[in-house]
Amino acid sequence: MGSKTKFISVLGATGSIGVNALNVVRSYPDLYRLKYLSAHSQADLLIEQALEFSPSAVSIGDADQYDKVKNALPGVEVLKGRAGLLELAARDDVDTMLNGLVGSAGMEPTIKSIQAGVDIALSNKESLVMAGDFINGLLKEHKVNLYPVDSEHSAIWQCLTGESSQDIKRLIVTGSGGPFRTLPAESFDNITVAQALKHPNWAMGRKITIDSATMMNKGLEVIEARWLFHLPAEKIDIVVHPQSIIHSMVEFLDGSVKAQLGIPDMKIPIQYALSYPRHLKQDWEQLDLAKIGTLTFEEPDLKKFKCIQLAFDALEQGGSVPVVLNVANEEAVYRFLDGEISFNAIPELIIKAIDAHDFLEHPNLDDILALEQWTQAFMKRS
Ligand code: MG
């Protein structure tokens, strides 16, 4: 990269990914300039960010907070609601859109930005889980690059740099195993929200933290990897690695395995998605392997973590199944967080939704959006 300034839009700026992205931008003000920011409901933080970075426009999801944001930011264009978010996503006068939105709500903004010809730094894995095939077609059509922010996919991307895709034997996606890796299956019914929100290694938002506890996160990442790296499910494996130091690996046909390592901190993959192909200097905590001492690995327990198998099955069945899997999971996770259902009910409700839906072999975008609504409604009455 030369010294040309990159104009960036950060959607989900006040979430965990967004805040880290702004830290990266803050440390390289000559390289990165924030043009658009969006927030769901944290108006105060959005205002603070806008006062610091002077974006051209911001969008606040919660329309009730529009006046507050508007009054605090004279001279800044302020948009609101879902329409405001989609309008920002569709603007073509930025180089990269970093999608740090949570859940299926992040899919349409990804699509809008690709259609606008804007490169994507994608943290919102749900975009690819729900519409991977469709998005890959759009990327080709609009000659847009999509760079992964998810740490596993950033690792695989880095391992594949300079390699020939025909030489890949398999991808090995690592996962910490979450807080319940060693908890006996009999105790899963008594898991509390507070226990599930305590991830051993990663500081993340609430939805993805629960996904890590059920290990659905790993399943969604396998689907994400399938579309990012154009490989069938048979060539994607999961290995549990409790220390979260190796962020994923690639095995080649000659038996050589490449891994990418680092401290478990999203700042590194976020920066790489913006600075690619450079690894720019940072003085944040560095990896000290001697201090860590031991790296261990084990097979994932598919009996205990039913969501992993559900995701592999959804990938194999294809069509509309991953859409329903994703949306049903999201709704179940929020119901668990609200204390309405047990931890074990999460996979049970997902299976119910998948069984009840009308299968579509090749859903188009309208089908996917309709299925999203159908699944949300189904989950509310299940
Ligand atoms: Mg990940």
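These are my notebook entries on the overall build of this protein and on one residue, T375.

**Entry 1, the whole chain.** I began by noting that the model is predicted, and then I looked up its secondary structure, where I found 16 helices and 11 strands in the protein. I next looked at its extent, and the C-alpha atoms fill a box of roughly 55 × 50 × 40 Å when this is taken along the principal axes. A compact globule with 382 residues would have a radius of gyration near 21 Å, and because the protein has 20 Å, I wrote down that the value agrees with such a globule.

**Entry 2, inside and surface.** I looked up burial and found that 56% of the 382 residues are buried. For the surface I noted that the protein exposes about 16,500 Å², with carbon and sulfur atoms supplying 49% of that area.

**Entry 3, contacts and charges.** Taking the contacts between residues at least 6 apart in sequence, I found that 68% of them join residues at least 24 apart. I then looked up the charges, and the mean positions of the 35 positive and 50 negative ones lie 3 Å apart.

**Entry 4, T375.** Which helix holds T375? I found T375 in helix α16, which covers residues 365-381. Is T375 buried or exposed? Its relative accessible area is 0%, and since buried means under 20%, T375 counts as buried. Leaving out residues up to four places away in sequence, I listed what T375 touches, namely V324, V327, A328 and A353.

Note on methods. Residues are numbered from 1 along each chain as its sequence is written. This is a predicted model: local features need pLDDT of at least 70, side-chain atom pairs count only at pLDDT 80 or more; totals for chains, interfaces and linings use all residues. Side-chain values use heavy atoms; hydrogens and water are left out. Helices (H or I, at least four residues) and strands (E, at least two) are DSSP runs, numbered from the N terminus. Buried means under 20% relative accessible area, exposed over 50%, partly exposed in between (1.4 Å probe, protein chains only). Contact means heavy atoms within 4.5 Å. The radius of gyration is taken over C-alpha atoms; the globule rule is 2.2 Å times the number of residues to the power 0.38. Accessible areas come from the Shrake-Rupley method with a 1.4 Å probe; for residues, only the protein chains shown count as cover. Lys and Arg count as positive and Asp and Glu as negative; His and the chain ends are not counted. The place of a charge is taken as NZ of Lys, CZ of Arg, CG of Asp or CD of Glu.
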